[in-house]
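Thank you all for making the time this morning. I would like to walk you through one structure, going from its charged contacts to its surface and then to a few individual positions.

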Amino acid sequence: MLACGALVVEPWCERIIDVGVCARVTADDVKAEAPHGVIVDGRGGFLGIDLAAPKLEPAERDELLARVQRAGAVLRGAGYTGPFAIDAFVHTTPDRSRA
């Protein structure tokens, strides 16, 4: 028997918007750029960046930027300074609402 590690199974999510944020950790803070669109193939694989502002709802944008700040704080706490990026997506739930 061949052991290959853990198998992770996740439900398929119908993607509405793919988005990313580029940021930089400095000694004093986390500086985030405005969110940008991410161009993906049918399976969500990266193809490119769309610099147009993605059509996020205000709460989605706020949550994304809050997570960028938290990730940057963790990186700074680990002694890292420099650039990083976070990619995310908005999808529909089984009842077809946004999530």
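Let me begin with a question: is Glu60 buried or exposed? Before I answer, please keep in mind that what you see is a predicted model, and that the values I quote are computed from that model. The answer is that Glu60 is buried, because its relative accessible area is 16%, which falls under the 20% cut-off for that class.

This residue has a charged partner, since the side chain of Glu60 forms a salt bridge with the side chain of Arg98, with 2.7 Å from N to O. That pair brings together distant parts of the chain, with Glu60 in helix H1 and Arg98 in the segment after S5, 38 residues apart. Arg98 itself is classed as partly exposed, because its relative accessibility is 33%.

Arg98 also meets Glu57, and here the side chains form a salt bridge with an N to O distance of 3.4 Å. Once again distant parts of the chain are linked, as Glu57 sits in the loop between S4 and helix H1, which spans 58-77, while Arg98 is in the segment after S5, and the two are 41 residues apart. Glu57 is partly exposed, because 39% is its relative accessible area.

How many salt bridges does the structure hold? There are five, and I will describe one more of them, in which the side chains of Arg70 and Glu63 come together at 3.6 Å, N to O. Both of these residues fall in the partly exposed class, Arg70 because its relative accessible area is 46%, and Glu63 because its own value is 35%. Coming back to the earlier residues, salt bridges with shared partners connect Glu57, Glu60 and Arg98 into one network.

Next, I would like to turn to another arginine. Which ring does the charged end of Arg15 sit over? The ring belongs to Phe89, and the charged end of Arg15 lies 4.0 Å from the centre of that ring. Arg15 has a further contact, in that its side chain is joined to the side chain of Asp18 by a polar contact of 2.3 Å. Asp18 is part of strand S1, which covers residues 14-25, and Asp18 is counted as buried because its relative accessibility is 12%.

While we are in strand S1, Gly20 is found there too, and Gly20 is buried, because its relative accessible area is 0%. If you measure on screen from Gly20 to Leu75, C-alpha to C-alpha, the model gives 18 Å in space, for two residues that are 55 apart in sequence.

As for aromatic rings, the count of aromatic pairs comes to zero, where a pair would need ring centres within 6.5 Å of each other.

Let me now move to the surface. Which residues form the nonpolar patch there, with about 370 Å² of accessible area together? They are Phe46, Ile49 and Leu51. Phe46 lies in strand S4, which runs over residues 46-50, and Phe46 counts as exposed because its relative accessibility is 55%, a value over the 50% cut-off.

In the loop between S4 and H1 we also find Ala52, which is partly exposed because its relative accessible area is 44%. The C-alpha atom of Ala52 is separated by 6.5 Å from that of Gly37, although these residues are 15 apart along the chain.

The last position I want to show you is Arg96, whose phi is positive, at about 75°, although this residue is not a glycine. Arg96 is located in the segment after strand S5, which covers 82-92, and Arg96 is exposed, because its relative accessible area is 59%.

To close, I would ask you to take two points with you as you look at the model: the network of salt bridges that joins Glu57, Glu60 and Arg98, and the surface patch formed by Phe46, Ile49 and Leu51. Thank you, and I am glad to take questions.

Methods. Residues numbered from 1 in each chain as written. Predicted model: local features only at pLDDT ≥ 70, side-chain atom pairs only at ≥ 80, totals over all residues. Heavy atoms only, no water. Phe/Tyr/Trp six-rings, centres within 6.5 Å; stacked < 30°, edge-to-face > 60°. Lys NZ or Arg CZ within 6 Å of the ring centre and 35° of its normal. Patch = residues over 30% accessible without salt bridge, like charges linked within 9 Å, V, L, I, M, F, W, Y side chains within 5 Å. Areas by Shrake-Rupley, 256 points an atom, 1.4 Å probe, with all protein chains shown as cover. Salt bridge = Lys/Arg side-chain N within 4 Å of Asp/Glu carboxyl O. Helix = DSSP H or I, 4+ residues; strand = E, 2+ residues; numbered from the N terminus. Buried < 20%, exposed > 50% of the residue type's maximum accessible area, 1.4 Å probe, protein only. Polar contact = N/O pair within 3.5 Å; in protein donor to acceptor, adjacent residues only side chain to side chain.
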